[in-house]
Amino acid sequence: MIKGFTLSYSKGSAWLTVYPLQSEGRQVYSDEIRARMKILRIPPVRNTLIENIIQEASGEAVELGPWPGGEVLSARCSIEVAEDRMTATLTVTPPRPGGEEITVPLIEAALKETGILAGVDREWLRRTGEEKIYNRKIPIARGADPVHGKGSRVKYHFATQRIPYKELLYGRIDLKELNYIQHREEGDLLAELLPREEPQEGYLVTGVTLPAREADKGEKIIPGEGTLLEGERLLASREGNARLEKGMVLVEPVVTVNNVDYETGNLDFEGSVVVKGTVADGFSISAGGDIEVEKCVGRARLKAGRNIILKQGINGDNEAFVQAGGSVTTKYGESSQILCEGDLIVREALMHCSLMVKGNLLLAGGRAELLGGSAVIQGSLLCRKLGGIYEPNTSVVLGINPEDLENYKKLLGSIEAKRIRLDELDKKIGLIRKGAFGEDNREKLRQAEIQLEEEAVLVNGEVKEMVARSHEMGRAMPVRSESILAAEDRIYSGVQILFGFTEYTGNAGGKGVPSTVLSCHEGVIRDRGFDRANPPRIVPVGEEEIPS
């Protein structure tokens, strides 16, 4: 369609454009312009002004005069501010015929009117105004969170946590990657102090300032034995095992041997021990640090102040003893006694072992079976199968400190022994009183009776005191509420399961219980199915929630 003229709104006024005839224009008459102005409710102007514009036909817009109602035809800015006032979005509605197109000043005015005073994206502002972007949500402004100050932080250049706990659950364990020994050479960088970070205030899009906290005192590098502090860098001053102990960086000596046998003798070392081969039957290792053994261990004794890793497992033939002040990680265990202050982590299976675990017992990956033997676990038990068709003698106690339970059982044993002694004393006293030993040596028998009665009184008092103490110990051993037994495949019948002193009977008879999770609250054991899509959470011992 060939244009003759256009009426448009801009900056509060009506503007008339008449196009030349020789280009895209046509003959224009003042009557049709005034008729159009009346429809658009443009206030009338002098006819001579319209005639002059028609005569010039310059193709340029000429201001006619104020147009109060013209604004409704123009492009409109809609600005949405997020509830937290951290972001604002702009949507521009296109103008109706004759209305003013969007411009940068129009957007700026809308932002100011809405109270958007900070964080305006100038690039989006320019593009929207110049490229006429309509009907699209534009992220026009964004606030900034305050950056709180931080004191200097220590960056460690060795693994301060040897086993990422969360990576072990419900997945395969690669024992080749579980190296407790962090070997470092002399001169290696162990830690460095990162610079202090100054606080930076934040702001809302409305211009409100968000204060930032001042930096804290920060951390310090604490050098220990085997280290050298040079400015803000900590270096190893000797070859050994780098570790962190109560915030202090140490490099402890490490003994590395091919095997522990007649060539080396028993090892007793204050640091850590690495055995590239095996430990021969009848030999022992005692280490103040960690112990790592590359090949299978047999009838040996291992005692570590911290962690033990047995990369090929242990078959102790009922003569092996393993004790760790930290965690024990092994491929498998058979006919061995294992005591650990931390977690016991097993890739394949545990068979006919005696276990005392103050952390969690995690059979993750591979067969993940616990067959035969006994286990006292303060934390939780995770496995695929518990017990077996031909393994009826499997016993598991959960939620109680193994040492406390052991002391409690010893006390009960002592009470039983005292009661047996009381029975013996009562029988002897009865025989004397019945004259079973005749009338000869009556005085001696009377003295013996008095001594027996005195001992009986003493033993009876001891029994009463021990019974009272056993009641106190029992009350002092509540079942840890976070402890669970999670069997991914099955708990076989014949397995004895106790949470503290409460026994589970749901697996009696038949084929046992498939795929289940057991927990105990207020003396009641609850049973729910094992959801593989949403497996239960194993809470590390020591990370329990404290009731508010």
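Biologist: Hi! Which residue just after α1 takes a positive phi?

Modeller: That's Arg-41, with a phi of about 60°. Keep in mind that this is a predicted model, where local features need pLDDT of at least 70, side-chain atom pairs count only at pLDDT 80 or more, and totals for chains, interfaces and linings use all residues. Residues are numbered from 1 along each chain as its sequence is written, and side-chain values use heavy atoms, leaving out hydrogens and water.

Biologist: Cool. Which residues of α1 are buried?

Modeller: In helix α1 (residues 30-39), they are Ser-30, Ile-33 and Met-37. They sit on the same side of α1 because they cover an arc of only 60° around the axis, going by the directions from the helix axis to the C-beta atoms. Buried means under 20% relative accessible area, exposed over 50%, and partly exposed in between (1.4 Å probe, protein chains only).

Biologist: And what is exposed on the face turned away from that buried side?

Modeller: Asp-31, Lys-38 and Ile-39.

Biologist: What do the buried residues of α1 pack against?

Modeller: Their partners are β1 (5-10), β2 (13-18), α2 (47-56) and β3 (62-66). Contact here means heavy atoms within 4.5 Å.

Biologist: New topic: how many helices and strands are in the chain?

Modeller: You'll find 7 helices and 37 strands. Both are DSSP runs numbered from the N terminus: helices are H or I with at least four residues, strands E with at least two.

Biologist: What does the C-alpha trace span?

Modeller: About 160 × 60 × 45 Å along its principal axes.

Biologist: And how much of the chain is buried?

Modeller: Buried residues are 43% of the 548.
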